[in-house]
Amino acid sequence: MAPPLEHGEHISGNTRRSLLAGVAALGALGAAGCSRVATASTTGGGELLDRLRAAGVVRLGIAGEIPFGYIDKNGDLTGEAPELARVIFKRLGVDKVQPVPTEFGSLIPGLNSQQFDVVAAGMYVTPERCEQVIFADPDYQMLDSFIVRKGNPKGLHNYKDVVAKKAKFATGTGYAEIGYAVEAGYKESDILIVPDQVAGLNAVEAGRVDVFAGTALTTREVVKKSAKAEATKAFTPTVGGKPHVDGGAFAFRRTETNLRDAFNAELRKLKKSGELFRVLKPFGFTQAEMTDLTAKELCGG
């Protein structure tokens, strides 16, 4: 997520803020029925997996982000991360998953304060986050893309183009794309920050900006019904002068290496068999988003 990411039929007219408001009530109801998660161990790699098996349920921290983890219009938990969690935890002997909706910025604090057992929100693996939690290996990788007006009249294909052509640039609240644009030379104070990809599409269609930057998946999904805008071809942003590919993964408390390792073992099997792609495909993912990246690589070695 990824940082707060933008998303997919998954794309609706609701903004990220309203989605979170809708799921917050469900989270409160869930908390009323089950006020504590399985207590983690602080020694020997953690005993949480055994406790989850005994309880029969794992609580997932989600951030109302389509298509990564959200509550649909029927009140059901879905998204690429929750659906993948269902498959892997069932294989690990835990039959049920329960959502705990929260703001994206509260996911890591909520995990570490034991409000839920695992972050299942498509969170990008970054060195900064790796100091606070441990990650499974990424279940997807992601490139960037732009939303531009039909025909891409300014010829914007990467962040250097945006700077060179002095385009009016927008992206979402807390998105990694802010940093990518700044690294390319765009002045941060000139960036229009909007809530999500739907607001970004609206800004481009209305002519308030020339370009909105987001993930390749979410930009191509949100423009599908637009008569005025299109998504550019996916491209690799530059970080520290080198091409950079983001990867999203499940996050665990630093003490729970046993659970993380067991999760990784099942994830590797799903990648090898091709089942991982079958789980993610309904949410707009393509073969281009499948990856062999590791958390170690993205954490900085």
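**Reading salt bridges in a predicted model**

The chain has twelve helices and 15 strands; both are DSSP runs numbered from the N terminus, helices being H or I with at least four residues and strands E with at least two. This is a predicted model, where local features need pLDDT of at least 70, side-chain atom pairs count only at pLDDT 80 or more, and totals for chains, interfaces and linings use all residues. Residues are numbered from 1 along each chain as its sequence is written, and side-chain values use heavy atoms, with hydrogens and water left out.

Q: What counts as a salt bridge?

A: Side chains of opposite charge can pair when their charged atoms come close. The criterion is a side-chain nitrogen of Lys or Arg within 4 Å of a carboxyl oxygen of Asp or Glu.

Q: How many salt bridges are found in the whole structure?

A: The search returns eleven.

Q: Where do Asp50 and Arg53 lie?

A: Both belong to helix α2 (residues 48–55). They are three residues apart, so about one helical turn separates them. Their side chains form a salt bridge, 3.7 Å from N to O. Arg53 is partly exposed, at 39% relative accessible area. The classes are buried (under 20% relative accessible area), exposed (over 50%) and partly exposed (in between), with a 1.4 Å probe and protein chains only.

Q: Which helix holds Arg86 and Glu83?

A: Helix α3 (residues 80–91). Again the partners are three residues apart, about one helical turn. The salt bridge spans 2.9 Å, N to O. Arg86 is partly exposed at 32%. Glu83 is partly exposed too, at 23%.

Q: What does the salt bridge between Arg220 and Glu289 tie together?

A: Take the distance first. The closest N and O atoms of Arg220 and Glu289 are 2.6 Å apart. Arg220 sits in helix α9 (residues 216–222), and Glu289 in the loop between α11 (275–280) and α12 (295–299), so the pair links parts 69 residues apart in sequence.

Q: Is Glu289 buried or exposed?

A: Glu289 is buried, at 5% relative accessibility. Its partner Arg220 is partly exposed, at 25%.

Q: Which residues do salt bridges with shared partners join into one network?

A: Arg91, Glu266, Lys269 and Glu275.

Q: What are the totals for burial and exposed area?

A: Of the chain's 301 residues, 56% count as buried. The chain exposes about 13,000 Å². Carbon and sulfur atoms supply 51% of that area. Areas come from the Shrake-Rupley method with a 1.4 Å probe; for residues, only the protein chains shown count as cover.
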